[in-house]
Amino acid sequence: MAFLGSRARRVAVALLAGTALASLLAATATAAPPAVKPDRVMAVTDVWMRDVATDVGLQPHSGSPIWASPDVKICPTAVECATSGNAIVGVTNYISVTLRNPGPYGSGIDSGVLRFYRTTPGGSLAWPMGWLPVAAVSVVAAPGVTTVSVPWGGVPGPGHFSLLAVWESPNDPLPFLTADILTNVRNNNNIAWRDLNSINPFTGGPPAPASD
């Protein structure tokens, strides 16, 4: 009798264990998969700007001159101009930017913010301390080419300085940026750099010295 009782207990334990295991497997099969951070190469969008005319969006980019992006222009009106001109002090200029979608690292419509920064004439290029915010505009970048025109009335100078266009999106995030702007631009296809001259609206250059 003792033998039969022991065997019965073992059978009961085995049945209970089997039922618990089956319930666990069923719960695991129906549970939602754990959240995984998307991989930038495979699972997100890629909106970009050219550093040079032959740029196709690959990172890093070794083309030169990297500070003369053909996708960032200074224009006299809101209509995109054929070539970038000088910025005029004291009047409203327009920053025209061409956003391209898709790039080599993702695809699909994207929503983000296009931000602009500038240095002071003759000032430091170190990021971010040497750069001042100019403007920011929300943009929906559909597949293809999107041209954005932003009015700019606070042109410094006359003098020589730099302008930066930066695309920011949760689906196309910027990695950690260094203090070296050259490294940042070469390694991020959503940053574009344009060197500029600003001029006096009347003389075409720096103001003339005052007469006695």
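Reader: Which side chain meets E168 in a salt bridge?
Author: R115 does, at 3.0 Å or less apart by no guess of mine: the N to O distance is 2.9 Å.Author: Correction: drop my "3.0 Å or less" wording; the E168 and R115 side chains meet at 2.9 Å, N to O. A salt bridge here is a side-chain nitrogen of Lys or Arg within 4 Å of a carboxyl oxygen of Asp or Glu.
Reader: What kind of model is this?
Author: It is a predicted model: local features need pLDDT of at least 70, side-chain atom pairs need 80 or more, and totals for chains, interfaces and linings use all residues. Residues are numbered from 1 along each chain as its sequence is written, and side-chain values use heavy atoms, without hydrogens and water.
Reader: Where do E168 and R115 sit?
Author: E168 is in strand β7 and R115 in strand β4, 53 residues apart. Strands (E, at least two residues) and helices (H or I, at least four) are DSSP runs, numbered from the N terminus.
Reader: How do β4 and β7 pair?
Author: They are antiparallel, over six bridges. Pairing needs at least two DSSP bridges between two strands. R115 stands opposite V166 in β7, and its bridge partner in β5 is A136.
Reader: New topic. How many salt bridges are there?
Author: Four. One of them joins D71 and R50, at 3.0 Å, N to O. Both lie in the loop between α2 and β1, so the pair ties together parts 21 residues apart in sequence.
Reader: Is D71 buried or exposed?
Author: Buried, at 1% relative accessible area. Buried means under 20%, exposed over 50%, partly exposed in between (1.4 Å probe, protein chains only). R50 is buried too, at 18%.
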